[in-house]
Amino acid sequence: MEGIGAFQRVVDDPDGYLKTLKTRKNILGYCCSYTPEEIIHAAGIHPLRLFGSKEESNLADKHLQSYCCSLVRNVLSEALSGRLNYLDGAVFPHTCDTIQRLSDIWRLNTSFKFFSDIVLPVKLTTDSAREYFEAVLRKFKAELEKGFSITITDEALHASIRTYNTIRTALKDIYELHAKNPGILPGSALNACVMGSMILERQEAAELLEGLADDLKIKTAAADPSRKRVMLAGSVCSQPDVYSLIERSGADVVWDDLCTGSRYFEGTVGEESDPITAVAERYYNRIICPAKHSSVTARGNNLVKSAIDRKVQGVIFLMLKFCDPHAFDYPYLKEYLDRENIPNMLLEIEGQLPPEGQLLTRFETFVEML
Ligand code: SF4
Ligand code: SF4
């Protein structure tokens, strides 16, 4: 399965890949999955998800309080160190407070050519919010056109939408195949496919993912009934070791509620209507994260339904330290799972994971009680 190797390579060495890509494409960074990538891609610009390097750096310390999540801290450090100099700019959808603050600090302390705040509504329940959402995306399109002296045609938007629909559909197919038979693919490879899809050129990612989904349809692996089925929930997981340690403890990650997982690929964009309306509709209706509101039950119901549909026996909440939106959401989500008698555990992590032995013991203890 050659596809996985291509994703793994760009996840392991994004800078090497992006420095080469830079010679023929403009690149815009983003660090939230509410970024309307389809519009950036239609502009002929490469959208790049920033995950933050795991290398220690204190460059962000003079701008951010110590109680900001490591994701934002690491992304800012990378920008200030010059490591992201291949970027032509960055895009910040208004979601959690930390990303909103990062946006201001980035604008004032970096000198990339392009910058845009996409001020999306928080409450996604009214017709006016829907109209506003669409208007914000049209404004963003106009900013890109002005910033890069280009015209983004409807044809280009439709082509971009098709590419993203292929990526999201293939990722979902791969997840579903893996959920039915986890032995066909290690969880860390699944993680590499999603993260790599946000780094690789999207047309190439779409073709590789379609090929991988086809390969997996005919791949067989003996089912092991003694292995447990777990799900991850939280903001993002850019730590492949989490998957391999869970596997070593006797369980497989068969689904997730993460922005490096199902929240990224669930929901495609309509291909028939006005392209900006259609893109807005997808982001308006996507599975929300705790930085958005659609109803007081939406997140809990989605988590429980995903767990039941995939026969999940336990849920592991991966919480980045100082991630307020997910920390506030945790008790409410835990209550939903407890009500359904779905065992769950909370693991707080930083940019660096705890020592391997310690983490393995925690997973083994949890898996043993499932
Ligand atoms: S959890 Fe919400 S705010 Fe954080 S990256 Fe995902 S969509 Fe953005
Ligand atoms: S949602 Fe949480 S992890 Fe993501 S940027 Fe915001 S505070 Fe950080």
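In the predicted model, strand β5 (residues 228–234) is largely enclosed by the rest of the structure, because 5 of its 7 residues are buried. From β5 the chain passes through helix α10 (residues 240–248) and on to strand β6 (residues 251–257), and this β-α-β crossover is right-handed. The two strands that the crossover links, β5 and β6, are also paired with each other: they run in the parallel sense and are joined by 6 bridges. Within this pairing, R229 has D252 of β6 as its bridge partner. Strand β5 is likewise parallel to strand β7 (residues 314–320), to which it is connected by 5 bridges. Here L232 is matched with I316 of β7. In a regular strand, side chains point alternately to the two faces of the sheet.

Attention then turns to the surroundings of the ligand. Ligand 1 is surrounded by C32, S33, Y34, T95, C96, I99, S235, C259, C289 and A291. This shell comprises 7 nonpolar residues and 3 polar residues, with no charged residue among them.

One member of the shell, S33, was examined in more detail. S33 is situated in the loop that lies between β1 (27–30) and α3. Because 22 other C-beta atoms lie within 10 Å, and 20 or more are required, S33 is classed as buried. Beyond its neighbours within four places in sequence, S33 is in contact with C259, R263 and Y264. Although S33 and C259 are 226 residues apart along the chain, their C-alpha atoms are separated by 6.4 Å. Both S33 and C259 belong to the residues around ligand 1.

Two helices were also considered. Helix α9 (residues 202–217) consists of 16 residues and spans 22 Å from its first C-alpha to its last, which is close to the 22 Å expected at 1.5 Å a residue. Its buried residues are R202, A205, A206, L208, L209, L212 and A213. An α-helix has 3.6 residues a turn, so residues three or four places apart point the same way. Such spacing can be followed in α9 from A205 to L208, and again from L209 to L212, each of these residues being buried.

In helix α12 (residues 275–285), the buried residues are P275, I276, V279, A280, Y283 and Y284. These buried residues of α12 pack against three other helices, namely α3 (37–42), α6 (127–148) and α7 (154–180). Helix α3 is thus mentioned twice in this description, since the loop containing S33 lies between β1 and α3, and α3 is one of the elements against which α12 packs.

Definitions and conventions
Residues numbered from 1 in each chain as written. Chains lettered and ligands numbered in written order. Predicted model: local features only at pLDDT ≥ 70, side-chain atom pairs only at ≥ 80, totals over all residues. Buried ≥ 20, exposed ≤ 12 C-beta atoms within 10 Å, placed from the backbone. Helix = DSSP H or I, 4+ residues; strand = E, 2+ residues; numbered from the N terminus. Pairing = 2+ DSSP bridges. Right-handed = clockwise from strand over helix to strand, strands pointing away. Near = placed C-beta within 6 Å. Nonpolar A, V, L, I, M, F, W, Y, C, P; charged D, E, K, R; others polar. Contact = placed C-beta atoms within 7 Å. Expected span 1.5 Å × (residues − 1).
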